[in-house]
Amino acid sequence: MQLKARLLLAAVAVTASAGLALGTAAPLATAAEPHVVDGSGAAYNDWGDEGTLSVNSHSKSNATRLWQSVLYADGAKWKDSSGNLHTFTQWDIDGIFGWKTRSATKYWQAQEDLEDVDGIVGKETFGQADGFLDGPYDDGKVTYAGLSHEVNFKRLDGDYYVRIGSKWRVAAYDWRG
């Protein structure tokens, strides 16, 4: 009888330990994966802790649309297959991180004299861009003062929004149209 009690106690202890381990591991794994572009306090330091955008990471998202708005605002250029440069336009803001966005990102990174000119938007690239943000104002407006254009975003309850047509959509890392 005593052996059965010990085995039962051991089984309960193992099960409880596994439950505690799983309970603490799951939120950490979830917290490491960003879901929306966010910020708090003054906007000029909001983006330095953001996730990665590239042709392989969150390539179809409103977070990509937010980044493309930065490229447009700064008049970034993309290189075609013949090596000719073209300006990134409003019509190129489609939420898809394709070859034009990658090329324009490399151009932008080179213009900003960043260490990594790789076409990937990570902490260094996002962090450099957020230095040109101003706000948020009372209505949640955050302005990006680009070299060619000024673009506006909204920051409501800490989440960034991008304008798609006449509607504001959360700048999420997953595709939300």
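Colleague: Where is the place of Pro136?

Modeller: Pro136 sits in the loop between β3 (133-134) and β4 (141-145). Keep in mind that this model is predicted.

Colleague: What makes the peptide bond from Gly135 to Pro136 cis?

Modeller: Its omega is near 0°. That is the cis form, and the bond runs from Gly135 to Pro136.

Colleague: Which loop holds His58, and what is its phi?

Modeller: His58 lies in the loop between α1 (2-32) and α2. Its phi is positive, about 55°, although His58 is not a glycine.

Colleague: Now the helices. Why are α2 and α3 called oblique to each other?

Modeller: Look at the angle between the axes. The axes of α2 and α3 (residues 99-111) cross at roughly 55°. Angles under 35 degrees count as roughly parallel, and 65 to 115 as roughly perpendicular. The crossing angle of roughly 55° fits neither class, so α2 and α3 are oblique to each other.

Colleague: Within what distance do the axes of α2 and α3 come, and is their crossing left-handed or right-handed?

Modeller: The two axes come within 10 Å. The crossing of α2 and α3 is left-handed.

Colleague: On to the largest pocket. How much space lies in it?

Modeller: About 390 Å³. Of the 15 residues that line this pocket, Ser69, Gln90, Ile93, Arg163 and Ile164 are the closest to its centre.

Colleague: Which elements give two or more residues to the lining of the largest pocket?

Modeller: They are α2 (62-73), β5 (150-156) and β6 (159-164). The most comes from β5, which gives four residues.

Colleague: How many residues of each class are in the lining of the largest pocket?

Modeller: Eight are nonpolar, four are polar and three are charged. Ile counts as nonpolar and Arg as charged. So Ile93 and Ile164, among the closest to the centre, are nonpolar, and Arg163 is charged.

Colleague: Which residues does UniProt list for "domain: Peptidoglycan binding-like"?

Modeller: The UniProt record, an unreviewed entry, lists residues 92-126.

Colleague: What are the percentages of helix and strand over residues 92-126?

Modeller: The chain there is 49% helix and 0% strand. The end C-alpha atoms of residues 92-126 are 19 Å apart.

Note on methods: Residues are numbered from 1 along each chain as its sequence is written. This is a predicted model: local features need pLDDT of at least 70, side-chain atom pairs count only at pLDDT 80 or more; totals for chains, interfaces and linings use all residues. Side-chain values use heavy atoms; hydrogens and water are left out. On a 1 Å grid over the protein atoms alone, a cavity is a set of points where a 1.4 Å probe fits but cannot get out, and a pocket is an open set with protein on both sides within 12 Å along at least five of seven lines; lining residues have an atom within 4 Å of a point. Grid points are joined across faces, edges and corners, and a volume is the space filled by probe spheres set on the points. UniProt positions are given in the numbering used here, feature names are shortened, and annotations may be inferred rather than shown by experiment. Axes are lines fitted to C-alpha atoms, for helices over the stretch in contact, and angles run from 0 to 180 degrees between N-to-C directions. Angles under 35 degrees count as roughly parallel, over 145 as roughly antiparallel, 65 to 115 as roughly perpendicular and the rest as oblique. A crossing is left-handed if the near helix is turned anticlockwise from the far one by less than a right angle, and right-handed if clockwise.
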